[in-house]
Structure formats: C-alpha cells, structure tokens
Amino acid sequence: MEKTELKNIVILATGGTIAGKASSGTQMTGYTAGAYSVADLLAGVPELGELAHISGEQLCNIDSSSITDALLLRLAQRCNELLAQDDVDGVVITHGTDTMEETAFFLNLTVKSAKPVVLVGAMRPATAVSADGPLNIINAVKVAVDAASTGQGVLVMMNDEIYSGRDVTKTNTANVATFKAPNGGPLGFIVGGEVHYYYRSVRPHTLQSEFDVTGVGVTALPRVDIIYTHIGEDRVFVDAALAAGARGIIYAGSGMGSIHEAVEAALAEAVGCGVVVVRSSRTGSGIVAAGLERWQEQGFLYADNLNPQKARLLLQLALLRTQERNEVQEIFNRY
Ligand code: SIN
C-alpha cells in the first residue's frame, strides 16, 4: 500500500506485561509489568510502519491490577478526544491483561465513535523467549485499520482472536490462550495475517450507548462493591460496603446468582437503604435470571450474563443516570 493511503492509528500505552521486563528470557512470573515505554514498544515492531501511520502516547505505565476508576475515566475521555479528530482513524490501547476485560467493557459503553478501538496485551513479558506482545501489537493494528472493524464496538485482540469488549474475559492465569468469551466466542480471527470476522455483538455499544462520561469526574462515579459468596459466608462484607457508602452491590452468587441465607437479610436491608443490589454469578459463564420470587420482592436485580466485574461497571454507569430499580434492571436487560 502507498504510504499516503495508510490510516492514522494512535497507540495509547497503559503498561502491563506487554511492556514488562524480566531478568531473563525464561522468567515468566515475578517480573515488572509496565517497565518499557510506548517508544520502546514501537521500536520493537518496525513492521507497524507498513500498516499505518503510527503515533504513540503514554497514558500511564502500570500493572493493570492497579487501574483506578479515575484512570478508566481518563482513558475513556482521551479516546473520545482522539477519535473526534479527523486525522485519527483508530486507537490501539496496550494494556495489562489482568483487567483488560473491564477496561474494554467500560470503553465499549462510553466511547462515542464508530472508529475502531482495539485493546491488546501480552501474557509473556517483552523480554521473554517467544514473547507474544510484538505479534499481538501487529495484529491489533491490522484489526484497527480493517474496514470491517468500524462499528464493531471496542475490541480485544489477543492470540490471533478478536473479541467484543462486552463478552471477553481472562480465563487462565498464565496461558497465552487465556482470553475467551464463554457465553459465545470470538467475533473473528487473524489467520495468515488477514482479519476475518464471522459475528457481531448485538448489544448496544459506543454510538448506540446512552452512557456519556464527558466531563464526569471520579467523585461522580458511584461506589459499587462486589461481594463474592462462599460456604460459611456472613454479612460482614455487606455491612462493610454500606459503611463505605456503596450505592450499589454486585453479589457474585453461587450457581445462578444464589444468595447465602446468612446474607440475604443484610442485602435486603441494603436495598431498604437505597442501595441497588444486583445478583451475578461466580461460575464464569451463563445467564443469571430473576430467580426466586422472594428475591424479586426484596428488590434484588439480576445481571443477565455479565460477570461480576463487568456488572459492576455497568451498574456504576447506570447509577449516573437513574436510581430507579426498574430502570436499572432494564439497562441490565439491554446491555
Ligand atoms: C497486568 O495486567 O498489568 C499484568 C499482567 C499482564 O499484563 O498479563
């Protein structure tokens, strides 16, 4: 392709293992994530110059396990600024894999553009023998410049697979094939260096999403806590969430969002205090439906097939718009 025909892609770097540094080529754990800069990353993949006009920007350089609500908002706002520019055709975000699914879903709901936004990371540090980062970055840029990526919502490109930011989740602590969409599958693949799409996400995203975080400060984003059930659970964490000022609780229930009987009264009290309680599941896949009539009478909502960490983000955004339980449930049914 002639250089003049190449698209303009911004690489927004946030850190992670893709920018990670270990002390040897075989060290795959216990290394420092977010050690290399965006300039270092780009210098490692000169092939990108054949695919697009690339510019790099460092938003932060951290382990994604430490991403804050403030950073998430800044990332969404920066993506929207960049994508509003005529001279930007797409954004690739390098990101740690640990919380990539959360950032991808948040951006899927808050980016206001049909232009491609692709998150990419790596499971092996940049110093590793067989590091997966360089090819993942090349593939992410290929996805970002592909016309079929327009209007697909925010995407995740990992290990030759393209996922919707809504559905993707990390399923394995170390394997390079860790990203899956357990309730569906990838939207497409990269094979032979070419992008192939087969599916689309039908849930609203980006331009169809009602959520707008323009000008929203971190103090405006409501506190929503996740409470993870287990045998022998008691009400301690519900009380702690209330004491901390939570406006929402995601209950990561067992099975189809089942609630431990020792906690149910505390959750009902939370609803009585105006806290929105949404049942999700710790199982890792499947739909959580309305369930017992008793739960509905107590005002507990249900998260459809969003896992707890994704349900938390949707509830934060929903609470920016409404406190009405019926309306929040409608949002969970729709998104
Ligand atoms: C991180 O999430 O920042 C560290 C782990 C990874 O990127 O794989």
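A polar contact is a pair of N or O atoms within 3.5 Å. The views below come from a predicted model.

**View 1. Residues around the ligand.**
T97 makes a polar contact with the ligand: a polar side-chain atom of T97 lies 2.5 Å from a ligand oxygen atom. S64 also reaches a ligand oxygen, with an N or O atom of its side chain 2.6 Å away. For D63, a polar side-chain atom lies 3.3 Å from an oxygen atom of the ligand. These three are among the residues around the ligand. The others listed there are G16, T17, G96, D98 and A122.

**View 2. Helix α3 against helix α4.**
Helix α3 covers residues 69-83, and helix α4 covers residues 100-110. Their axes are 10 Å apart. The packing angle is about 45 degrees. That makes α3 oblique to α4. The crossing is right-handed. From α3, the contact uses L72, L73, L75, A76, C79 and N80. From α4, T103, F106, L107 and T110 take part. By class, this contact has 7 nonpolar residues, 3 polar ones and no charged ones.

**View 3. Helix α4 against helix α9.**
Here α4 meets helix α9, residues 308-321. The two axes come within 9 Å and cross at roughly 30 degrees. Angles under 35 degrees count as roughly parallel, so α4 is roughly parallel to α9. This crossing is right-handed. On the α4 side, the contact is made by E101, E102, F105, F106, L109 and T110. On the α9 side, Q309, K310, L313, L314 and L317 contribute. The contact of α4 with α9 includes 3 charged residues, alongside 6 nonpolar and 2 polar. F106 and T110 of α4 appear in this contact and also in the contact with α3.

**View 4. Helix α9 against helix α10.**
Helix α10 spans residues 325-334. It packs on α9 at an angle of about 135 degrees, with the axes 10 Å apart. That makes α9 oblique to α10. The two helices cross in a right-handed sense. A311, L314, L315 and A318 supply the α9 side of the contact. V328, I331 and F332 supply the α10 side. This contact has 7 nonpolar residues, with no polar and no charged ones. L314 of α9 takes part here and in the contact with α4.

Note on methods:
Residues numbered from 1 in each chain as written. Predicted model: local features only at pLDDT ≥ 70, side-chain atom pairs only at ≥ 80, totals over all residues. Heavy atoms only, no water. Axes fitted to C-alpha atoms, helices over the stretch in contact; angles between N-to-C directions. Helix = DSSP H or I, 4+ residues; strand = E, 2+ residues; numbered from the N terminus. Parallel < 35°, antiparallel > 145°, perpendicular 65-115°, else oblique. Left-handed = near helix turned anticlockwise from the far one by under 90°. Contact = heavy atoms within 4.5 Å. Nonpolar A, V, L, I, M, F, W, Y, C, P; charged D, E, K, R; others polar. Near = heavy atom within 4 Å. Polar contact = N/O pair within 3.5 Å; in protein donor to acceptor, adjacent residues only side chain to side chain.
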